[in-house]
Each structure stands twice: as C-alpha cells, then as structure tokens.
Amino acid sequence: MAGWVSLPWMHPVLQKLQRELHDGLAGLSAEQTQTRRGPDKWNIQQIVEHLLLTYESTRLLVEGRIAKGTPTKAMPTVQQRLGQFVIVTMGRFPGGRISPVMVSPPEGTVRMMSAKELDARVAEELYPMDALFAEAERMWGPSRRCMTHGALGSMTAQQWRRFHFVHGEHHLRQILATRTVMGV
C-alpha cells in the first residue's frame, strides 16, 4: 500500500474504494496499463477512464441538483428498486452490460498513463464527488433520495456512494484479472 494517501474527510466507503483501486493499479507502467484480457475487452487504462467518467457524470448530476436547491421528486420503479437491492444492498454488479456512451472511454488512447497517474486521477475525481454527496446530505438529510441514476432511479447520497463502491469493485476484478493474464 506504499504511496497511498487517504484524503481528508472522505467517506469511509469511498476511501476504501480509492485504496483498493490504488492497490490494484500499483506498479503498472504506462505500457502495462494498455493491456487487455481479450480483443473485445477494455485495457486497464480504459477501465479506469470509464470509472473516472462515471465519477464526473455523478459530480455534474449532484452539482445540478444542489444548484436547483431541491432534491429529485422522482421515485424509483419496482424494477429500479430491484436493481438497487441487487447492486447497493447485496453488492452484486451484473456483468455483461454495455456501458452507456456518455461513460464509455474512447477507443484510441490519447495519452498512455501509468498506474501512478491513473491513481492520482481517481483521487482527484472521488474527493469532490464525495464532498458534493456530503453537501446534499446537509441540505436534504441523509435519508432523502436526492439524485436519479439513469438505470437505478432516485437514490440517497449513501446509496450513490455504495453504488460507486460496488461498480468500482466490479471493474477492479477486471483489472486484477488483466494483471493475472500479464503475470504481474
């Protein structure tokens, strides 16, 4: 865990995610982050870029809600509640889904990044996202559904944290599987 720095005042769920991603990426060169498990799979950098895009998308969503000054009024459907139960409560992220375009990494790598660079980017995105979750909780209370996820419906800030944790763990397993293929 050398080199990992806990950011101050970040929620323990997202601190754990940051630490696990740090450990999963540790020591990879910029060339190694370009490795794929298979021809139809993302490379390690693309996996992390996907996570970064989800953090950015969520941050923008929360910023918009806070700017409006009101939480969402939407209520999740039965199907969305089932998805929340599976992902947020049980901690199971279903595989085999196609990532929405807005959070899909570009096909061609613009600039190869090492694990150290990717790790820093994760911290740079997780911390402000969590600070906004904390602000939403201060504004509307911790049990208020405040923002709506495209597939899972409206959730509390804590449910959003847990969603990002489970989603991150899902992709961390892919990173670790790719490392196994590389033998590192």
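**Exercise 1.** Is Arg161 buried or exposed in this predicted model?

*Solution.* Residues are numbered from 1 along each chain as its sequence is written. The model is predicted, so local features need pLDDT of at least 70 and side-chain atom pairs count only at pLDDT 80 or more, while totals for chains, interfaces and linings use all residues; side-chain values use heavy atoms, with hydrogens and water left out.

Step 1: take the classes, namely buried under 20% relative accessible area, exposed over 50%, and partly exposed in between (1.4 Å probe, protein chains only).
Step 2: Arg161 has a relative accessible area of 2% and is therefore buried.

**Exercise 2.** Find the salt-bridge partner of Arg161 and classify its burial.

*Solution.* Step 1: a salt bridge needs a side-chain nitrogen of Lys or Arg within 4 Å of a carboxyl oxygen of Asp or Glu.
Step 2: Arg161 meets Asp130 at 2.5 Å, N to O. This pair links distant parts of the chain, with Arg161 in helix 5 and Asp130 in helix 4 (residues 115-140), 31 residues apart. Helices are DSSP runs (H or I, at least four residues), numbered from the N terminus.
Step 3: Asp130, at 3% relative accessibility, is buried.

**Exercise 3.** Compare the burial of the two partners in the salt bridge between Glu63 and Arg59.

*Solution.* Step 1: their side chains meet at 3.3 Å, N to O.
Step 2: both lie in helix 2, four residues apart, so about one helical turn separates them.
Step 3: Glu63 is partly exposed at 33%, whereas Arg59 is buried at 16%.

Terms used: Helices (H or I, at least four residues) and strands (E, at least two) are DSSP runs, numbered from the N terminus.
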